[in-house]
Structures are given as C-alpha cells and as structure tokens.
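Here is a quick walk through one protein model, taken a few helices and residues at a time. Keep the 3D view open while you read.

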Amino acid sequence: MRRQPESGETPPAEEVVAEGRGLRTFSALGYAQYRRLWGGTFFTFAAGQMTMIARPWLAYELTDSAFWLGVVALGQGIPMFFMSPFGGVAADRLSKRTVLLVSQMALLAMALVLVVLLYLDVVEVWHLLLQALVHGTAMPFNMPVRQSYVPLLLPRRLIPNGVALQAAGRNVNQVAAPGVAGILLGIDPLTAFGTIAAFHVLSMAMSLTFPVGRPEERRSRGMRGELTLGFRYVFSTPLLRLLFGMLLIMLVLGMPYVHLLPVFQEVLSVGPELLGFMYATIGLGGFFGSLTVASFARLAGGLPQLIAGVGFGVGLAAFALSPFYALSMALLFCTGFAHQAYTTINQTLIITRTDPALYGRVMSINLMLRSFITMAILPFGALVDHFGAPVTFAVAGGMIAGSLLLIGAVRGTTIPEGARSA
C-alpha cells in the first residue's frame, strides 16, 4: 500500500503527469491526491448550490410564507459568520483529515435525515431550519480545510493552477446546479434531495484517503489567542492586509448586483426565463475567467489582478446603463469573467504568501468576509429604491474601478519580493 504524504510533503513523483502531456490548464489534476480534493470539493459545492435552490423551495411549499424563507436563510448565514474563526483554528491545530471528515459527515447526515423525512412525508419547516443551522456550522470547517490542502498536495509552481481549477469547478456548479435542482424538484422533491445526499456520499468517499495533515508543533495560546491569531497575522502583514482589503472592495461594492439582478428585469423589460439566462451567463463568464488564470501561471500577480478588477468595475457600470438585453448579456459575461479572474488571483496570492501553519485561519477569514455580501444587499436595495438600479450600480462600478486604480497608483502593482515566502 502506497504511503500517503504527510502535511507539507511533496506528492510522489509517480502521481504527476509528465510535463508536456495534456493541457497545461489542467496540470494540477495530474496529482492523484489533488484530483480527489478537486472532485470532493466539486461535489460538496454542487450539493450546496442545489440545496440553496431546493431548501427555500420546500420551505415555501410547506409554509407559503416569505418570512420563513428569510428565517431559513438566516439559519445558515448567522452560524457561517460566527463559526468561521473556529473553523480556521481547527484546520490549523487539528488533523485536517479529521476536521474534513467530521464536517463532511455532518453535511451528509443532515441530507440523509431530510431524505428520510421526505420519504415518510413528515417533513416540517423546522426540520429545514435545523438543516440550515447544521449546514452553516459545518461549512466554515469544511471549506477552509479544503482550501488549505491545496498547497500541501501540489508543488508551489502549481498552486495557482490548483486554486484556479477549484474556482472553475465552483463556476460550473453555479451555472449547472440550480438548473439541475429545478428539473429534479419538478420531477419529485425526494429525487432532488436524494441527489444532494448522493453528492455528499461521493465527496466523503473521495476524502477518505487524504493525508492526515498534522499541524506543526506550536505552543498553545489558549482559545482566545488561537481565535485571534489569524486576524493579528493578517493585520500585521502589509501584503495580506492589502489583498484582503482589495477582496472586501469587490465583495461589498461588486457582488450585491448578482443578488439584486431581478431588478433589471424591469429595466430590460424581460421575463423570468431570460433572467435565468442572465445568471447563467455570469457563471459562464466566471468559468472561463478561472480557466484563463489556470492556463497562465504568470497571471497570478498584482498587475493582472488590478486589470481584472478595473475591468469588472467598468463592465458593471456599462451593464447598469445598458438598455439592450443582448448588450447586457455580453457585459454580464465580461463581469463574470473579470470577477472570477480577480478573486482567483487574489486567493492564490493569499495562499502563497501565508505561513503554512496558518493556512486554515487565513482562509477562514476569506470565507468570513464573504458574508459581508449579504450585509451589503440591504443598503444597496435601499439605494436602488431611491435612485434606481442603473445609477446605483453605475456608481458602484465606478467606485470599484477608481478605488483599485488609486491603490495601484499608491502601492504599485507588483508583489514585493520579500513577501513571496511567508
């Protein structure tokens, strides 16, 4: 039986696809352990995306109440925000494989329980709320571990490729999973939730052979010290502080447009069917954006990230002001492409400039920041009601482009050599 590499080891050479074989875009998939990580992450994210469609649908079927939709959504969002720091500590201080398997088991168990309740026809809305709470608690442990495994399973030169391929998998699911969930719900809700459970089973199976990922021996600082260490590390590291600041600009000013996209139905005079194509176009653009970064390792730098961010801001402003559906679709593809290129480069730079002993905590901060998207939707909605969607998002796009250009002018567009090895 082949020995699995421990935390920090380079995977065995025989697992690597020889240089020159296959497309460079998929180089990281030449490593067997990374293939399993990618596959497990793909199926976990597919299950999550389908759940985001199926659970609200079932909640509304059970209650006929929009209020309960909000309650169930908060049931996932609140624990995700507060548990992210704990998930980061667990990823760094405990066995990565143990944390991953326990969190994956929690996701699988709740999916199976819901399948049984549906089969017995006894499901109630509080069951969905409980599932949302478990989902929101487990994911802050699951995803940071998965992200922190990337630099352990790949040589340094392939880390950007590995991060980008994971992003590509997420974008495929953002395009396909909602449609699949809708079709399966139309056939039978039990089929939809059974498929979600099956995806969690596949992810669990792919995770069983991961290396243990033992933490480095470090003096314990107590729970409070462990929870704050990641934040202190980021705030005391100028480069990481800059990268997280640039990520926050994109999340707070840029991402609310996706959640408020239905407002543009009225602006463009289209129905819900064409709105669905708009969402798919954003995901398709994101898929190609992440593949582009995966194909060219040199794109994982300051200048390409700056160009992608400014391009997103300009594209968002142009989309907001477009009166034509066809033109808007082209611009949505561009915004999806630029956004995913920007965030993929940002995440690659964060991972490659972070102390390996703190991967989990730093990536949990990344996940925690993403909850700010939901917090920004309410003020953006108020601005849309007052000023209209075109003006609101045109100004937001301009602010993104202007802010990033200012950062580029003041801080420069290259990564300092001294920061390249944390």
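Helix pairs get a simple label: angles under 35 degrees count as roughly parallel, over 145 as roughly antiparallel, 65 to 115 as roughly perpendicular, and the rest as oblique. The axes behind those angles are lines fitted to C-alpha atoms, for helices over the stretch in contact, with angles running from 0 to 180 degrees between N-to-C directions. Helices themselves are DSSP runs (H or I, at least four residues), numbered from the N terminus.

Before going further, note that this is a predicted model, where local features need pLDDT of at least 70 and side-chain atom pairs count only at pLDDT 80 or more, while totals for chains, interfaces and linings use all residues. Residues are numbered from 1 along each chain as its sequence is written, and side-chain values use heavy atoms, with hydrogens and water left out.

**Helix pairs**

Helix α8 (residues 238-254) packs against α16 at about 165 degrees, with the axes 9 Å apart, so the two are roughly antiparallel. α8 passes α16 in a left-handed crossing (the near helix is turned anticlockwise from the far one by less than a right angle; clockwise would be right-handed).

Now look at α13 (residues 325-352) and α14 (residues 359-370): their axes come within 10 Å and cross at roughly 155 degrees. That makes α13 roughly antiparallel to α14 as well, but here the crossing is right-handed.

**A nonpolar patch**

Back to α16. L383, F387, V391, V395 and M399 make a nonpolar surface patch of about 440 Å². Patch members have over 30% relative accessible area and no salt bridge, and nonpolar side chains (Val, Leu, Ile, Met, Phe, Trp, Tyr) are joined within 5 Å. α15 (372-387) and α16 (389-411) each supply at least two of the residues, with α16 giving the most, three.

**Three residues to click on**

Buried means under 20% relative accessible area, exposed over 50%, and partly exposed in between (1.4 Å probe, protein chains only).

| Residue | Where | Relative accessible area |
|---|---|---|
| V395 | helix α16 | 45%, partly exposed |
| A382 | helix α15 | 46%, partly exposed |
| D121 | loop between α3 (96-120) and α4 (125-153) | 65%, exposed |

A382 also has a partner to check: its C-alpha atom is separated by 9.9 Å from that of T392, 10 residues apart along the chain. As for D121, phi is near 60 degrees, a positive value in a residue other than glycine.

Definitions and conventions: Patch = residues over 30% accessible without salt bridge, like charges linked within 9 Å, V, L, I, M, F, W, Y side chains within 5 Å. Areas by Shrake-Rupley, 256 points an atom, 1.4 Å probe, with all protein chains shown as cover. Salt bridge = Lys/Arg side-chain N within 4 Å of Asp/Glu carboxyl O.
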